Amino acid sequence: MDNLNSALTTWNNKLAELWTLISTSPESFKGGGVWEVIQNINGALQAVGYGLLVLFFAADVVKTCGSFAELKKSEMAFRCFVRFVLAQAAIGHGMELMMALFNIAQGMVTTIMSSSGLTAVSATTLPDEMVTTIESVGFIDSIPLWAITLLGSLFIWVLSLVMILTVYSRFFKLYMATAIAPIPLASFAGQPSSSIGVAFLKSYAAICLEGCVIVLACVIFSAFASSPPAITDSTLAPATIVWNYIGELIFNMLVLVGAIKMSDRLIRELMGLG
């Protein structure tokens with residue numbers, strides 16, 4: 001029983017941490033220290049972005065204008081000028097642009113949380129019937145029971161780590177994308193290269209929207225957790241009863257961890273990113 005209680009405590013703690021992390025903004029994550037570093041890197045890479053801005057702009061002019069006379073045309077010159085100015089603004093205000101995308105996605109996460117009626121994910125605990133079954137086992141029968149609970153606890157512990165690492169990796173992807181944003185945003189200066197910037201913004205939006213899928217997965221798991229695994233026929237051996245309970249419990253946990261793990265793939269498919 002101690003093995004299972006310890007594993008379930010770890011699971012509940014990681015689940016509560018997940019619920020807190022998913023509603024946390026990058027600026028306030030870990031006290032905001034990481035965000036300050038990302039802002040410094042983004043500012044330093046803006047110089048590189050401006051250099052690439054000129055390069056992409058020159059490549060666009062060479063490709064779209066067959067001769068210098070075409071560039072003299074007012075509509076052609078105006079189009080190139082507007083594209084250059086917009087790309088320059090995207091590099092200079094890239095942080096504001098990306099945080100606007102994140103805030104939109106975070107608003108969706110908040111809406112899902114409030115609509116579901118959940119203020120926190122339901123904790124998973126051992127039912128009283130299972131506690132009674134385990135406590136009634138003698139010394140000899142407790143040996144296979146101990147092995148079963150140890151194996152089940154190991155599975156629950158691994159699933160807890162996989163779940164929370166997936167949520168942390170989302171924050172790391174947000175930070176890395178924000179840090180290098182000036183480089184892909186510079187591609188908007190040229191029409192042939194603008195697809196790079198579009199793909200980057202779509203990928204960043206996909207990372208932000210992963211939070212929505214993770215929250216939905218937690219809501220689904222709460223429905224599973226509200227109906228804990230049923231205790232099978234009490235006439236069975238205690239080891240069999242515990243094994244059936246742990247198997248069904250781990251299956252329910254796999255539903256949540258699998259949904260969280262595939263959130264990246266699901267959003268990318270929905271947004272046509274492959």
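**View 1. Cys208 sits buried, with a relative accessible area of 1%.** Buried here means under 20% relative accessible area, exposed means over 50%, and partly exposed is anything in between (1.4 Å probe, protein chains only). Cys218 also counts as buried, at 1% relative accessibility. Does Cys208 have a cysteine sulfur close enough for a bond, or is the closest one too far? Too far: its closest cysteine sulfur belongs to Cys212, 9.3 Å away, so no bond forms. The structure holds 0 disulfides, a disulfide being a pair of cysteine sulfur atoms within 2.5 Å. Keep in mind that this is a predicted model, where local features need pLDDT of at least 70 and side-chain atom pairs count only at pLDDT 80 or more, while totals for chains, interfaces and linings use all residues. Residues are numbered from 1 along each chain as its sequence is written, and side-chain values use heavy atoms, with hydrogens and water left out.

**View 2. Lys173 pairs up with both Glu210 and Asp264.** A salt bridge is a side-chain nitrogen of Lys or Arg within 4 Å of a carboxyl oxygen of Asp or Glu, and by that rule the count comes to 4. In the Lys173–Glu210 bridge, the closest N and O atoms are 3.0 Å apart. That pair ties together distant parts of the chain, with Lys173 in helix α7 and Glu210 in helix α9, 37 residues apart. Helices are DSSP runs (H or I, at least four residues), as strands are (E, at least two), numbered from the N terminus. Glu210 is buried at 2%, whereas Lys173 is partly exposed at 25%. For Asp264 and Lys173, the closest N and O atoms are 3.7 Å apart. This pair also links distant parts of the chain, running from helix α11 (residues 263-270) to helix α7 across 91 residues. Asp264 itself is partly exposed, at 27%.

**View 3. Glu269 and Arg265 meet in a salt bridge within helix α11.** The N to O distance is 3.2 Å. The two residues are 4 apart in the helix, which means about one helical turn separates them. Glu269 counts as partly exposed at 46%, and Arg265 is exposed at 60%. Back at Lys173, shared partners join that residue, Glu210 and Asp264 into one network.

**View 4. Ile156 is one of the best-connected members of the largest nonpolar core.** Such a core is a set of buried Ala, Val, Leu, Ile, Met, Phe, Trp, Tyr and Cys residues joined through side-chain atoms within 4.5 Å. This one has 67 residues, and Trp11, Leu18, Ile156, Met163, Met253 and Leu256 touch the most other members. Its largest share, 13 residues, comes from α7. Leaving out residues up to four places away in sequence, Ile156 touches Ala7, Leu8, Trp11, Leu249, Ile250 and Met253, where contact means heavy atoms within 4.5 Å.

**View 5. Leu151, Leu154, Phe155, Trp157, Val158 and Trp243 make a nonpolar surface patch of about 600 Å².** Patches are made of residues with over 30% relative accessible area and no salt bridge, joining like charges within 9 Å and nonpolar side chains (Val, Leu, Ile, Met, Phe, Trp, Tyr) within 5 Å. Areas come from the Shrake-Rupley method with a 1.4 Å probe, and for residues only the protein chains shown count as cover. Helix α7 (residues 139-179) gives the largest share, 5 residues. Val158, found in that helix, is partly exposed at 38%.
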